[in-house]
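This report goes through some local features of a protein chain. Please look at the sequence and the structure before reading on.

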Amino acid sequence: YVFSDVASGMNEDRKGFNALLRDAKGGCFGEVLIWTVSRVSRKLSYLLEVVEELKSLGITFRSLSEQFDITTPIGQFALTMMGAVAQMQRESWMESSHIGMEKRAKSGRCGGGMMLGYQMVPDAEDSRGGGKLVIVPDEAETVRTIFSMYLDGLGYKAIVNRLNDDGKLGKNGRPFSSNAIKCILGNAAYIGKARFGNEYYEGIHEPLVSKEVWEVVQERIKSCS
């Protein structure tokens, strides 16, 4: 049996690894051979939980890159230390990513992800090799229509019905939903803001709606909640 995952050991919900655990419980094999401990998990508690489960099933656990025997106290110690190092690396990467995203927002650049009205293109001025938002005209018109309809007194569901009846599609290529409308109306990127956490910074991208329209919309949202 060969199990593989494109996801990293930072993610516990992996199709290939879950299949391995399922087949282990089914008695399909008696040994698990991995490339490195970090590919199992970069969370120490979960790594030890998996190893203990395999042990209870009578399945041997070995690594090609690291030499240890988990049936001995020294082997258990070595496994724990390797798992701790993998977790430390994970936390370091997450912290670096956190700092990088904050710096990006402060520089006025929005994070990744799809947003109706814009597309992400390479930004030659970004030293980190990131992208910037540029307007997609037909999508931008849909966004402005959504704000306009809400100002005219239509609710989320009514806006959805009109857009879908007109054959409009969201950024994901699917019909609109009430939740999608709510997210659009509450997204400050449409007035030129870049967000990180609960903080907003002036963005470098062109806004799609005015701050005056935005403020009226936000007041109505608050009064209706």
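What follows covers a helix, the loops around it, several charged side chains and a nonpolar patch. The model is a predicted one.

**Helix H2 and its ends**

Helix H2 runs over residues 44-56. H2 is made of 13 residues, and the distance from its first C-alpha to its last is 18 Å. That is close to the 18 Å expected for H2 at 1.5 Å a residue. Which residues of H2 are buried? They are Leu44, Tyr46, Leu47, Val50, Val51 and Leu54.

Ahead of the helix, serine 41 sits in the loop that links strand S1 (31-34) to H2. Is serine 41 buried or exposed? Its relative accessibility is 1%, so serine 41 counts as buried, the limit for this class being under 20%. The side chain of serine 41 reaches the backbone nitrogen of lysine 43, at 3.0 Å. On the other side, just after H2, glycine 58 has a positive phi of about 75°.

**Salt bridges**

How many salt bridges are counted in the model? The count comes to six. Three of the pairs are described here, with the distance between nitrogen and oxygen atoms in the table.

| Pair | N to O distance |
|---|---|
| Glutamate 53 and lysine 25 | 3.4 Å |
| Glutamate 202 and lysine 193 | 2.3 Å |
| Lysine 211 and glutamate 202 | 3.9 Å |

Glutamate 53 and lysine 25 form a salt bridge, with their closest N and O atoms 3.4 Å apart. Glutamate 53 belongs to helix H2 and lysine 25 to helix H1 (residues 15-25), so this pair ties together parts that are 28 residues apart in sequence. Glutamate 53 is partly exposed, at 25% relative accessible area. Lysine 25, at 55% relative accessibility, counts as exposed.

Glutamate 202 takes part in a salt bridge with lysine 193 and also in one with lysine 211. Through these shared partners, Lys193, Glu202 and Lys211 are joined into one network. How do the members of the network stand with respect to the surface? Lysine 193 is buried, with a relative accessible area of 17%. Glutamate 202 is partly exposed, with a value of 47%, and lysine 211 is partly exposed as well, with a value of 41%.

**A buried glutamate without a salt bridge**

Glutamate 66 lies in the loop between strand S2 (60-63) and helix H3 (73-106). This residue is buried yet has no salt bridge. How far away is the nearest side chain of opposite charge? That side chain belongs to arginine 42, and it is 8.8 Å from glutamate 66. A salt bridge requires the nitrogen and oxygen atoms to be within 4 Å.

The side chain of glutamate 66 does have polar contacts. One of them is with the side chain of threonine 36, at 2.7 Å. The glutamate 66 side chain also reaches the backbone nitrogen of valine 37, at 3.2 Å.

**A nonpolar patch**

Which residues form a nonpolar patch on the surface? Leu33, Trp35 and Leu64 do, and together they have about 350 Å² of accessible area. One of these residues, leucine 33, lies in strand S1. Leucine 33 is partly exposed, with a relative accessible area of 43%.

Terms used. Residues numbered from 1 in each chain as written. Predicted model: local features only at pLDDT ≥ 70, side-chain atom pairs only at ≥ 80, totals over all residues. Heavy atoms only, no water. Helix = DSSP H or I, 4+ residues; strand = E, 2+ residues; numbered from the N terminus. Buried < 20%, exposed > 50% of the residue type's maximum accessible area, 1.4 Å probe, protein only. Polar contact = N/O pair within 3.5 Å; in protein donor to acceptor, adjacent residues only side chain to side chain. Expected span 1.5 Å × (residues − 1). Patch = residues over 30% accessible without salt bridge, like charges linked within 9 Å, V, L, I, M, F, W, Y side chains within 5 Å. Areas by Shrake-Rupley, 256 points an atom, 1.4 Å probe, with all protein chains shown as cover. Lys, Arg positive; Asp, Glu negative; His and termini not counted.
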